[in-house]
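User: Could you take me through this one? I would like to know what can be read from it.
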Amino acid sequence: MLLNILLGLLIFGYAGFTIFRFVKKSKQGKCATCALKKGCQSACSDMMDDKVALSNYNK
């Protein structure tokens, strides 16, 4: 009985931790989970597109 309770707590604890980590990363943006985020060229182009759109909006 005690083993079942411990296993249940372990499983639900890990599931809660995984959900917490997923939500935390999803708030950081689309490139947070990407393995290539430090050397990704598309992330740079997205940032440049945003800057161009904002600079055109301000004119």
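User: Over which residues does pLDDT stay under 50?

Analyst: That is residues 48-52, for which the model has 0 contacts (heavy atoms within 4.5 Å) beyond four places in sequence. pLDDT is the predictor's confidence in each residue, from 0 to 100, and where it is low, the predicted coordinates should not be read in detail. This is a predicted model, in which local features need pLDDT of at least 70 and side-chain atom pairs count only at pLDDT 80 or more, while totals for chains, interfaces and linings use all residues. Residues are numbered from 1 along each chain as its sequence is written, and side-chain values use heavy atoms, with hydrogens and water left out.

User: And what does the chain average?

Analyst: The average pLDDT is 75, and 59% of the residues score at least 70.

User: How many helices and strands are there?

Analyst: There are 2 helices and 0 strands, taken as DSSP runs (H or I, at least four residues, for helices; E, at least two, for strands) numbered from the N terminus.

User: How many residues of H1 are buried?

Analyst: The number buried (under 20% relative accessible area; exposed is over 50%, partly exposed in between; 1.4 Å probe, protein chains only) is 0 of 25, so H1 lies largely in the open. Over the whole chain of 59 residues, 5% count as buried.

User: Where is Met1, then?

Analyst: Met1 lies in the segment before helix H1 (2-26), and Met1 counts as exposed because its relative accessibility is 78%.
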